[in-house]
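The following exercises concern a single protein chain and are followed by worked solutions. Please examine the sequence and the structure before reading on.

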Amino acid sequence: MLQGFHVSSESYTYGSNDIVKDVVLWKRMKLNASILVAATAAWMLMEVYQFNFLTVISWVAIFVVASIFLYANMLKLLGKEPLNLSRLELAEETAPSMANTVRAWIEEAIRWLFCVSTEEDYPVFVGVMAGLWSLSYVGSCMDLLTFIYIGILAGMSLPVTYIENEGQDQEIHGMVEGEIQEVLRDY
């Protein structure tokens, strides 16, 4: 299942997605802690205290605008030059490239669904149907925000747990694979 998921200190290379690797492998503890705190705070505000998403976003925007306002005025009081943010803009190519990326992901998902549906690979079809049914059942038990929160927690903790216990995982994987082969041989 996770055959290609081996990350060691030797294979850790610096590239364009260093921050993602650092977060997944818990190499930047402060960033990881802030992500967990932000996710937990958002989940608590939305689920426990029943705040509306638009309300929370408005409060965050108010906080950001007030902070920038205070920062700029403090710089003026200290006699320093305030930051010039008037030239802050997104490049014209950014929006179309993001839209093309999302469109490509959607097309790939639709292509994959048709491929699974039309090919006569019954174990894959049954696995996909079981996975979609499981997702439907989980969706009926919780809302999207809780599901995303659990996904964030699992996505940040499972890779590190896997790497720390890789030897035990390989032993268990070998035992289970041997048991499956034994059962299949009997039939």
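**Exercise 1. Determine what share of the contacts in the chain with a separation of 6 or more comes from residues 24 or more positions apart.**

Solution. Contact here means heavy atoms within 4.5 Å. Among contacts in the chain with a separation of 6 or more, 44% join residues 24 or more positions apart.

The basis of the values is as follows. The model is predicted: local features need pLDDT of at least 70, side-chain atom pairs count only at pLDDT 80 or more, and totals for chains, interfaces and linings use all residues. Residues are numbered from 1 along each chain as its sequence is written, and side-chain values use heavy atoms, with hydrogens and water left out.

**Exercise 2. Describe the secondary structure and the overall dimensions of the chain.**

Solution. Step one is to list the elements. Helices (H or I, at least four residues) and strands (E, at least two) are DSSP runs, numbered from the N terminus. The chain has seven helices and zero strands, in the order α-α-α-α-α-α-α from the N terminus on.

Step two concerns the dimensions. The radius of gyration, taken over C-alpha atoms, is compared with a globule rule of 2.2 Å times the number of residues to the power 0.38. The chain has 24 Å, whereas a compact globule of 187 residues would have a value near 16 Å. Along the principal axes, the C-alpha trace spans about 85 × 40 × 40 Å.

Step three turns to the surface. Buried means under 20% relative accessible area, exposed over 50%, and partly exposed in between (1.4 Å probe, protein chains only). Of the 187 residues, 10% count as buried. The chain exposes about 15600 Å² (Shrake-Rupley method, 1.4 Å probe), and carbon and sulfur atoms supply 68% of this area.

**Exercise 3. Characterise the packing of helix α6 against helix α7.**

Solution. Two packed helices are described by the angle between their axes and the distance between the axes. The axes are lines fitted to C-alpha atoms, for helices over the stretch in contact, and angles run from 0 to 180 degrees between N-to-C directions.

First, helix α6 (residues 144-164) and helix α7 (residues 166-186) pack at an angle of about 80°, with their axes 5 Å apart. Angles under 35 degrees count as roughly parallel, over 145 as roughly antiparallel, 65 to 115 as roughly perpendicular and the rest as oblique. The helices α6 and α7 are therefore roughly perpendicular to each other.

Next, the participants are identified: Y162, I163 and E164 of α6 meet E166, D169 and Q170 of α7. By class, this contact has two nonpolar, one polar and three charged residues. Ala, Val, Leu, Ile, Met, Phe, Trp, Tyr, Cys and Pro count as nonpolar, Asp, Glu, Lys and Arg as charged, and the others, Gly among them, as polar.

**Exercise 4. Locate W26 and Q50, and state the backbone feature of each residue.**

Solution. W26 lies in the loop between α1 (18-24) and α2 (29-48). Although W26 is not a glycine, its phi is positive, about 55°. With a relative accessible area of 26%, W26 is partly exposed.

Q50 belongs to the loop between α2 and α3 (53-77). Its phi is near 60°, a positive value in a residue other than glycine. Q50 counts as exposed, at 61% relative accessibility.

**Exercise 5. How far apart in space are the C-alpha atoms of G178 and R87, and of Y122 and V176?**

Solution. G178 is located in helix α7 and is partly exposed, at 33%. Its C-alpha atom is separated by 63 Å from that of R87, 91 residues away along the chain.

Y122 lies in helix α5 (residues 122-141) and is exposed, with a relative accessible area of 56%. The C-alpha atoms of Y122 and V176 are separated by 22 Å, with their positions 54 residues apart along the chain.
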